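Biologist: Can you walk me through this model? I'd like the backbone oddities and a sheet.

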Amino acid sequence: SYDDIIDKYSFTSDGSATDVGDLTIGRYVPAGQSSTSSGYTSGGNGGSDSNVIDKFPFSSDSNASDAGDLSVARRFMCGQSSSVNGYTSGGYTGGYTNIIDKFPFSSDGNATDVGDLSFSYFGFAGQSSTDNGYATGSSGYNQGIDKFSFSSDGNATNIGLLSSPRVGGSGQSSTTHGYQSG
């Protein structure tokens, strides 16, 4: 099945999540991004590959709205967030892709293709620092770590390797380090 559920849980106290709204379409394997005021869900597959960028507010519980489209419909990509833009990287479109899409947080609008990852695969994990986006691992049990700049559009460069090859992990970001788990 293809879920459209938006769940919310507290960072300040332990407890279960609650269903607070719905995406515009149900889907699996989308990418996620966050601005200071909204959450975003981009791409995924809901019976066919999607290019939809959904946006939902953090200030109130409500359904998502369609905020724009990716440059190419796809699934199994990863998301990154700068302070002003969301990014969707890599993915699968019937074949592997290395696209880096960027969309603005300040207004609804379509994403633009602003660069390429160093290799074409899917199943990446995404991480973000203040200045850069990262895409790690991928199908083919890749162990690469790609980095691209938030300050200017351009291609990613491979800057290192994970400790072992893997696909389909999840990405986390602290203020000083990126993590890939699973």
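Modeller: Here are some notes on backbone angles, then on one sheet.
Modeller: This is a predicted model: local features need pLDDT of at least 70, side-chain atom pairs count only at pLDDT 80 or more, and totals for chains, interfaces and linings use all residues. Residues are numbered from 1 along each chain as its sequence is written, and side-chain values use heavy atoms, leaving out hydrogens and water.

Biologist: What's the phi of V29?
Modeller: About 50°, so positive, though V29 is not a glycine. Most residues other than glycine have a negative phi.

Biologist: Where is V29?
Modeller: In the loop between β2 (18–22) and β3 (31–34). Strands here are DSSP E runs of at least two residues, numbered from the N terminus.

Biologist: How exposed is V29?
Modeller: Partly exposed, at 25% relative accessible area. Buried is under 20%, exposed is over 50%, and partly exposed is in between (1.4 Å probe, protein chains only).

Biologist: And what about phi of F76?
Modeller: Positive too, near 60°. F76 sits in the loop between β6 (65–74) and β7 (78–81). F76 is partly exposed, with a relative accessible area of 27%.

Biologist: New topic. What's the strand order in the open sheet of four strands?
Modeller: β11-β12-β13-β14, with antiparallel pairing. Two strands pair if DSSP finds at least two bridges between them.

Biologist: Which strands stand at the edges?
Modeller: β11 (125–128) and β14 (157–161). Each has a single partner strand, so one side of each lacks a neighbour in the sheet.

Biologist: How many bridges join β12 and β13?
Modeller: Six, between β12 (residues 132–138) and β13 (residues 142–149). G133 has F148 in β13 as its bridge partner.
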